[in-house]
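I opened my notebook with two things to look up: how the chains meet, and where one chosen residue sits.

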Amino acid sequence: MLEFKNVNVSVGRTLILEGISLSVKTGSITAVVGPNGCGKTTLLQTLNGTSKVTAGEIFLDGDDFLSLPVRERARRLSFLPQFRETAPNISVRGLAEHGRFPYLGFSRTMMEEDRKAVDSAIEFVSLKEQKRKLVSELSGGQQQRAYMAMQLAQDCPVMVLDEPMNFLDFESQREMLALVKKLKDGGKTVILVLHDLNQALTVADELVVMKDRKIESVSTPEEAVKNGVIERVFNCTVTPVDVSGMVQYLLT
Amino acid sequence: MKTKREINKGLILAGLLCLLVLVSILSLAFGSVNIPVGTVVQSLTGQDTSSRWAFIIKTIRMPRTIAGIAAGAAFATAGVLLQGVMNNSLASPNTIGVNSGAGFFVMLSMMCFSDNLFLKPVFAFAGALVTSLVILGLAFLAEKSRATIVLAGIAVSSFLSAGMNMMKTLDSDLTINATQFLIGTLSGSTYKSITVPVIGIFVAVILSCLLSKALNLLGLGDGVARSLGLNVDLFRIIFVILASCLAGLAVSFGGLIGFVGLIVPHICRSLIGHDARVLLPAAGISGAIFVVAADLLGRVLFAPFELPVGIILSICGAPFFIYLLLRKGGKRVNA
């Protein structure tokens, strides 16, 4: 289980996150939502060291996560940042191979086990036919899947994705959501920031709603709709709609 | 099984090595006095050790060629490292002021300690390192904006150039020694003057190649690199130290040779891609080819007069730099 206990993040004298306490259930999908600037990305960035925790603690399966060596952290939790300016000029396989970095020795030589992990990660994201192609030659959706292959090759039980749908078209977003569900089915714990409330309400087991640098609520999507926190934070109306036996949400 | 692309990379590396051998032999053979290639080969294989040709090759052209190989490899490798660390394709020891930093300190050592051959590399390394760290600090403060890094480099370079010119003006003896140094020349290289820097360059190039995987991760951006378990800050400092060591040591005997660290990494990237594991050795070999070839050209173009290698490289480098600015505008370096 991943636990945040009273986590604060400050830059200089400015408090970016305040008193964050959160428990992420193992094997679940947790979606973090909130208006722009509420601290969603900062919250996730505490996990890869980009945002420095100034107070509080983070535990992963009982271990003080922030005190673990960097490579040990990278073996237990993988993180896909949101912003990538340009696609790298390396092959899909080359990118996925980077995911094995935390496991390689000084010579950085890949063993059979590493190659298998890379191959199965590429297969998981359905890029086997494109594995020799340069990432820069792929579409936005394929590039995102290539990065996910890298993250999968890292073979961590906890996977963090910061706004994985950014810049993706509708079809690619659907593919990405399907992949996220597939990750959970494969036993992974997935934490992701989503901007699209509909996607978050549909895909998440747990919904973390943030506002003004704090967590407003942590609940199932159904509860979040029922208790009105979504409507309050996003200033909208949420109407559950039955679509072919599945509950979807109409946001107006 | 190796892919076609991997085989091609191997072939390109082998081809570059052959080209370096060829250019080096030509560098030993041609200059103000032309020596038959057969005699050069005989001299290299030990069949001719006593002729005047053998003497010229051994005492004048061999140290000069070794100096060219080392300087070229050093500047090009430093260029790849700095471009990777600063995520900026316009970064190079010359453009961000590292060479000027090394040059300033070398001139300081020349002024204070005359021509002490062992202090020069130490001062050059110190100067290059201080400048790199200043630029890196400025880049950090400016949130790594590419334009800021290059502009800060220009500002630091002009500051240091002013310092060098001031030393030249104040010390008339220095003027004689410094003119060639500021242009960049391999003329007058001796085994004594190049041994320490060449060993240092060799070690730094090997270390850079060993750490190439980490450089690849840095090219993916700090966030991704950190998430993959790389100690980003530590490796950034290591690469800056290596680049400073390479550029500084090369400046200590070759002077302010410009543009190799900028042009060569770009040419190599277009040939073999962005993977630092292949890019670093390829850039090292190509840099060596460039400098040795430019030095050779400088010796034969107006023989028996010599043009310093720095002039030839700047004549080729400046137009390429402008082309690069127009074409790419300093795009991010990825690996």
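I began with the interface, and I noted that chain B and chain A bury about 2,300 Å² between them, with carbon and sulfur atoms giving 60% of that area. I kept in mind that this is a predicted model. When I asked which residues of chain B supply the most, I found that Lys213(B), Ser227(B) and Leu228(B) give 26% of the area that chain B buries against chain A, more than any other three residues.

Next I looked up the contacts, where 22 residues of chain B touch 30 residues of chain A. I searched for salt bridges across the interface of chain B and chain A and the rule returned zero, whereas the count of residue pairs in polar contact between these chains came to four, both partners being at pLDDT 80 or more.

I then turned to the side of chain B that touches chain A, to which α9 (212-219) and α10 (222-227) of chain B each supply at least two residues. The largest share, four residues, comes from α10(B). Sorted by class, I wrote down nine nonpolar, seven polar and six charged residues for this side of chain B.

My last entry concerns Asn99(B), which I located in helix α4 of chain B, spanning residues 98-113. Is Asn99(B) buried or exposed? Its relative accessible area is 1%, and because buried means under 20%, I entered Asn99(B) as buried. Leaving aside neighbours within four places in sequence, I listed the residues in contact with Asn99(B), among them Phe75(B), Pro93(B), Ala247(B) and Ile257(B).

Notes
Residues are numbered from 1 along each chain as its sequence is written. Chains are lettered from A and ligands numbered from 1 in the order in which they are written. This is a predicted model: local features need pLDDT of at least 70, side-chain atom pairs count only at pLDDT 80 or more; totals for chains, interfaces and linings use all residues. Side-chain values use heavy atoms; hydrogens and water are left out. Buried means under 20% relative accessible area, exposed over 50%, partly exposed in between (1.4 Å probe, protein chains only). Contact means heavy atoms within 4.5 Å. Buried area is the accessible area (1.4 Å probe) that two parts lose on being put together, summed over both. A salt bridge is a side-chain nitrogen of Lys or Arg within 4 Å of a carboxyl oxygen of Asp or Glu. A polar contact is a pair of N or O atoms within 3.5 Å; within protein, one must be able to donate a hydrogen and the other to accept it, and residues adjacent in sequence count only if both atoms are side-chain atoms. Ala, Val, Leu, Ile, Met, Phe, Trp, Tyr, Cys and Pro count as nonpolar, Asp, Glu, Lys and Arg as charged, and the others, Gly among them, as polar.
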